[in-house]
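Q: Please take a close look at one part of this model, the place where side chains meet rings. Then follow the links outward from there, step by step, for someone in a first year of study.

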Amino acid sequence: QVQLVESGGGSVQAGGSLRLSCVASGFTFGTYCMAWFRQAPGKEREGVASFDIDGRATYEDSVQGRFTISEDAVKKTLYLQMSSLKSEDTAAYYCAASGGNWCSLESSTYFGFWGQGTQVTVSS
């Protein structure tokens, strides 16, 4: 059974940093495309960053240069290092795994497995 558990969210002032973690279990780590999505109140869930099976990272334009996605195969953990945080980054952040052959931030429907979410609040 695939399980994804996020942690690391919290409150931070604009310009600060946070690192989110997603501990995965129930599948062979590295065989699924994984990603971080976020959802702010009243907004659609949007893709933030993805890490495909070839080790390529893709970022949404607004976080490019500020966020870094990475993974630790030994710990079976996906990370999202967030720096230079802005109030616009405030959202619930979700870890996701594709469970399929397609990997794209364009739609959350490509991802079949999700964590429970961790809240990130950035004050200005």
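**An arginine and its rings**

A: Arg45 lies over the face of Trp114, at 4.9 Å from the ring centre. The model is a predicted one, and the values below are computed from it. A second ring is involved with the same arginine: the charged end of Arg45 also sits over the ring of Tyr94, 3.9 Å from its centre. Arg45 is therefore placed over a ring in each case by a rule with two parts, a distance within 6 Å of the ring centre and an angle within 35 degrees of the ring normal.

Trp114 is a good residue to follow next. With a relative accessible area of 27%, Trp114 is partly exposed. Trp114 also has a ring partner, Phe111. How are two such rings described? A pair of aromatic rings is described by the distance of the centres and the angle of the planes. For Phe111 and Trp114 the centres are 6.4 Å apart and the planes are at 65°, so the pair is edge-to-face. The cut-off behind that word is an angle over 60 degrees. Phe111 counts as buried because its relative accessibility is 3%, and buried here means under 20%. The edge-to-face pair thus joins a buried ring, Phe111, to a partly exposed ring, Trp114.

A search of the whole structure finds 6 aromatic pairs. Among them is the pair of Phe27 and Tyr32, which is stacked, with 4.6 Å centre to centre and 10° between the planes. Planes under 30 degrees apart count as stacked, so an angle of 10° qualifies. Phe27 is buried, because its relative accessible area is 11%. Tyr32, at 21% relative accessibility, counts as partly exposed, since the buried class ends at 20%. Ring pairs also bring in Phe113, so that Phe27, Tyr32 and Phe113 are linked into a cluster.

From the rings, turn to the cysteines. Which cysteine is joined to Cys33? Cys33 is joined to Cys103 by a disulfide, with 1.7 Å from S to S. This pair links distant parts of the chain, 70 residues apart: Cys33 is in the loop between E3 and strand E4 (34-39), and Cys103 is in the loop between E9 and strand E10 (113-114). The ends of this bond fall in separate classes of exposure. Cys33 counts as buried because its relative accessibility is 5%, whereas Cys103 is partly exposed because its relative accessible area is 27%.

The whole structure holds 2 disulfides. Cys22 and Cys95 form one of them, their sulfur atoms 2.0 Å apart. Cys22 lies in strand E3 (residues 18-25) and Cys95 in strand E9, 73 residues apart, so this disulfide too links distant parts of the chain. Cys22 and Cys95 are both buried. The torsion about their S-S bond is about -75°, so the disulfide is left-handed. When the bonded cysteines are numbered in sequence order, the pairing reads 1-3, 2-4.

Cys33 and Cys103 appear again at a pocket. The largest pocket has a volume of about 200 Å³. Its lining is made of 16 residues, and Cys33, Asp52, Ile53, Asn101 and Cys103 lie nearest the centre of this pocket. Which kinds of residue make up the lining of the largest pocket? The lining divides into 6 nonpolar, 7 polar and 3 charged residues.

Some details of the strands and loops complete the tour. Glu71 is in strand E7, and its relative accessible area of 30% is why Glu71 is partly exposed. The C-alpha atoms of Glu71 and Val23 are separated by 9.8 Å, with their positions 48 residues apart along the chain. Lys76 follows in the loop between strand E7 (67-72) and strand E8 (77-82). Although Lys76 is not a glycine, its phi is positive, at about 50°. Lys76 counts as partly exposed because its relative accessibility is 39%. Ser84, in the loop between E8 and strand E9 (91-97), also has a positive phi of about 50° without being a glycine. At 40% relative accessibility, Ser84 counts as partly exposed.

Definitions and conventions:
Residues numbered from 1 in each chain as written. Predicted model: local features only at pLDDT ≥ 70, side-chain atom pairs only at ≥ 80, totals over all residues. Heavy atoms only, no water. Helix = DSSP H or I, 4+ residues; strand = E, 2+ residues; numbered from the N terminus. Buried < 20%, exposed > 50% of the residue type's maximum accessible area, 1.4 Å probe, protein only. Disulfide = S-S within 2.5 Å. Phe/Tyr/Trp six-rings, centres within 6.5 Å; stacked < 30°, edge-to-face > 60°. 1 Å grid on protein atoms, 1.4 Å probe; cavity = no way out; pocket = protein on both sides within 12 Å on 5 of 7 lines; lining within 4 Å. Points joined across faces, edges and corners; volume = space filled by probe spheres on them. Nonpolar A, V, L, I, M, F, W, Y, C, P; charged D, E, K, R; others polar.
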